[in-house]
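Student: I have a model open and want to work through its metal sites. Can we go step by step?

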Amino acid sequence: MMNKIILFLMLCMPVVVYAEASSTIAWTPETLNFVKHGNAVKGKALAQSCTGCHGEQGLSAMPETPSLAGQLATYTYKQLRDYANNLRSNPTMSAMVQGLNAQDSADLAVWFSTLPASLGATSNPTPNAEKLVQQGDGKRIIPPCAVCHGANGQGEKMDIPALTGQRGDYLIKTLLDYKSGQRHNDVYSRMRVIAQQLKESEINELAKYYQHTPKP
Ligand code: HEC
Ligand code: HEC
């Protein structure tokens, strides 16, 4: 029986390798429950090593560094595990997650989710940004951002992040990373296929649409 199982697993392996996993996180009821029960008190203590860059209250004042306050815990958890598993790479964050196990990641994710998000102040969005967010562009097969990220950019379970209130320079950086493939931890390539269709000028417009840079 054991041999059969091993043989079966070996037969499956090439498929797994070719499919190039974008994430190892699967949203099973167990994983959802695990993240939901992350310990915010422990997360707050662990977050001492994060606040230098992500801000005392999870509101970043550092260039190209995302705010984490109010973000969906499941999304933050997935990103931390993806960095830890080298499926999302960034020199700073890849080093930061070295000592974090799954429990620490859930604790941190829950802690940051409890902090109030920055109020996204949309500064005169361009008609084109407004159109991409609300209607998308059928000709280029770009679905509206709002169908996934929510009518107010508030994010949707499980892994779709809130964008409202995020720093604009970070939004630009990460959209360009999806576009180039440097960031490839989006399951089913949901963001890569969209970012590839966006012009750089549109990425700038969309970042302005969602951004809000917190006061120092
Ligand atoms: C030295 C600065 C620095 C420190 C310290 C730091 N980070 Fe980061 N963090 C960054 C930068 C820069 C990015 C953007 C990286 C990228 O583009 O992938 C980032 C990205 C992230 C993201 C992805 C957010 C998103 O919206 O996708 C999460 C989650 C995160 N950090 C959590 C943490 C946690 C938790 C800690 C503490 C254990 C921490 N960071 C410590 C600089 C830092
Ligand atoms: C089909 C659903 C879907 C649509 C439509 C969509 N997104 Fe996303 N988006 C996602 C998912 C899922 C993720 C998280 C992927 C991951 O785990 O890295 C994401 C992540 C992002 C991120 C990264 C945020 C962060 O904190 O790092 C940005 C920025 C973003 N989307 C912008 C947009 C914009 C702008 C549009 C419209 C042009 C859009 N998205 C349309 C599903 C979608």
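The questions below cover the two iron sites, a ligand shell and one helix.

Tutor: This is a predicted model, where local features need pLDDT of at least 70, side-chain atom pairs count only at pLDDT 80 or more, and totals for chains, interfaces and linings use all residues. Residues are numbered from 1 along each chain as its sequence is written, chains are lettered from A and ligands numbered from 1 in the order in which they are written, and side-chain values use heavy atoms, with hydrogens and water left out.

Student: Which protein donors hold the iron atom of ligand 1?

Tutor: Donors are N, O and S atoms within 2.8 Å of the metal (3.2 Å for Na, K and Ca); water is not among the atoms, so sites may look incomplete. Here the protein donors lie 2.0 to 2.2 Å from the iron. They are His54 (NE2) and Met93 (SD).

Student: What is the arrangement around the iron atom of ligand 1?

Tutor: Six donors count as octahedral if opposite donors are over 155 degrees apart and all others between 65 and 115. The 6 donor atoms around this iron subtend angles of 86 to 177 degrees. That makes the arrangement octahedral.

Student: Is histidine 54 buried or exposed?

Tutor: Buried means under 20% relative accessible area, exposed over 50%, partly exposed in between (1.4 Å probe, protein chains only). Histidine 54 has a relative accessible area of 10%. So histidine 54 is buried.

Student: How many residues apart are the protein donors of the iron atom of ligand 2?

Tutor: The donors are His149 (NE2) and Met191 (SD). Helices are DSSP runs (H or I, at least four residues), numbered from the N terminus. Histidine 149 lies in helix 9 (residues 145–149) and methionine 191 in helix 11 (residues 190–197). The pair links distant parts of the chain, 42 residues apart.

Student: Which helix gives the most to the shell around ligand 2?

Tutor: The shell holds 24 residues, counted if a heavy atom lies within 4 Å. Helix 5 (73–84), helix 9, helix 10 (168–180) and helix 11 each supply at least two. With 5 residues, the top contributor is helix 10.

Student: Why do the buried residues of helix 8 line one face?

Tutor: In helix 8 (residues 127–134), the buried residues are Ala129, Leu132 and Val133. Directions are taken from the helix axis to the C-beta atoms. Seen down the axis, the buried residues line one face because they fall within an arc of 100 degrees.

Notes: Tetrahedral: all angles 85-135°; square planar, octahedral: opposite > 155°, others 65-115°.
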